[in-house]
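Visitor: I would like a close look at a single part of this protein. Please take one residue and work outward from there.

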Amino acid sequence: MKKAAAEDLPEWPAPNQGGVAMKRWGKAVVMITAVFVLALSGQTVSFAESGWVPKDSSWYYYYKDGTLASNQWVISNGNQFWINEDGTMAVSQWVETAGIYYYVGADGCAVTDWNEIEGKWYYFYKSDNNKFMMAVDTQIDGRKVGKDGAWVPG
């Protein structure tokens, strides 16, 4: 590691120059410290990012305070999205929360209505509170739905 020469270091304000330069220097130290802490924590969000952010072929959701959503549902533009524990938006996968099953499509949205998944048909409700849960052990549109949520032909 190369040591900095005295001429490479920033100038400190003289005591009689007031606090203006010192305040600028203090702000720079605070910003550098914040970036360093974020880098150590593995968080690479910039100070301006909020909402949906693409990264490495995945989507992430950041709240206005910069917090990364994880292991929870996010409602955005009237759609419901599951955010995995690692912060990535779930796509084309089953999601189980509190014993209730959901399915999110290739676009990340929780599906509704009848959907064919892995060769079986399932029905997913859409309610006013954006809970797109899978129907189980009932009849939908005159069709029987089994305990596993799949349509029972016949």
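Where is the place of Asn84?

Guide: Asn84 sits in the loop between β4 (79-83) and β5. Keep in mind that this is a predicted model, and that what follows is computed from it.

Begin with the surroundings of Asn84. Its relative accessibility is 17%. The cut-off for buried is under 20% relative accessible area, so Asn84 counts as buried although its place is in a loop. Leaving aside neighbours within four places in sequence, the residues in contact with Asn84 are Ser70, Asn71, Met89, Ala90 and Gln93.

One of these contacts, Gln93, leads into the next element, since strand β5 covers residues 93-97. At the other end of that residue range is Thr97, also part of β5. Thr97 has a relative accessible area of 18% and is therefore buried. Apart from residues up to four places away in sequence, Thr97 touches Trp73, Trp82 and Tyr102. Of these, Trp82 falls in β4, which spans residues 79-83.

Now place this part in the whole protein. There are 1 helix and 11 strands. The helix comes at the N-terminal end of the order, and the strands follow. The protein has 154 residues, and 29% of them count as buried; Asn84 and Thr97 are among the buried residues. The accessible surface of the protein is about 10,800 Å², and carbon and sulfur atoms account for 55% of that area. If you take the contacts between residues at least 6 apart in sequence, 27% join residues at least 24 apart.

Further along the chain, strand pairing can be followed in detail. Strand β7 (residues 113-117) and strand β8 (residues 120-124) run antiparallel and are joined by 5 bridges. In one of the pairs, Asp113 has Phe124 in β8 as its bridge partner. The two strands, β7 and β8, make a hairpin with 2 residues between them. Glu118 lies in that turn and has a positive phi of about 55 degrees.

After the hairpin comes a sheet of 3 strands. This sheet is open, its order is β9-β10-β11, and its pairing is antiparallel. The edge strands, β9 (138-140) and β11 (151-152), each pair on one side only. Strand β10 (residues 143-145) is joined to β11 over 2 bridges, and Val145 has Trp151 of β11 as its bridge partner.

Definitions and conventions
Residues are numbered from 1 along each chain as its sequence is written. This is a predicted model: local features need pLDDT of at least 70, side-chain atom pairs count only at pLDDT 80 or more; totals for chains, interfaces and linings use all residues. Side-chain values use heavy atoms; hydrogens and water are left out. Two strands pair if DSSP finds at least two bridges between them. Helices (H or I, at least four residues) and strands (E, at least two) are DSSP runs, numbered from the N terminus. Buried means under 20% relative accessible area, exposed over 50%, partly exposed in between (1.4 Å probe, protein chains only). Contact means heavy atoms within 4.5 Å. Accessible areas come from the Shrake-Rupley method with a 1.4 Å probe; for residues, only the protein chains shown count as cover.
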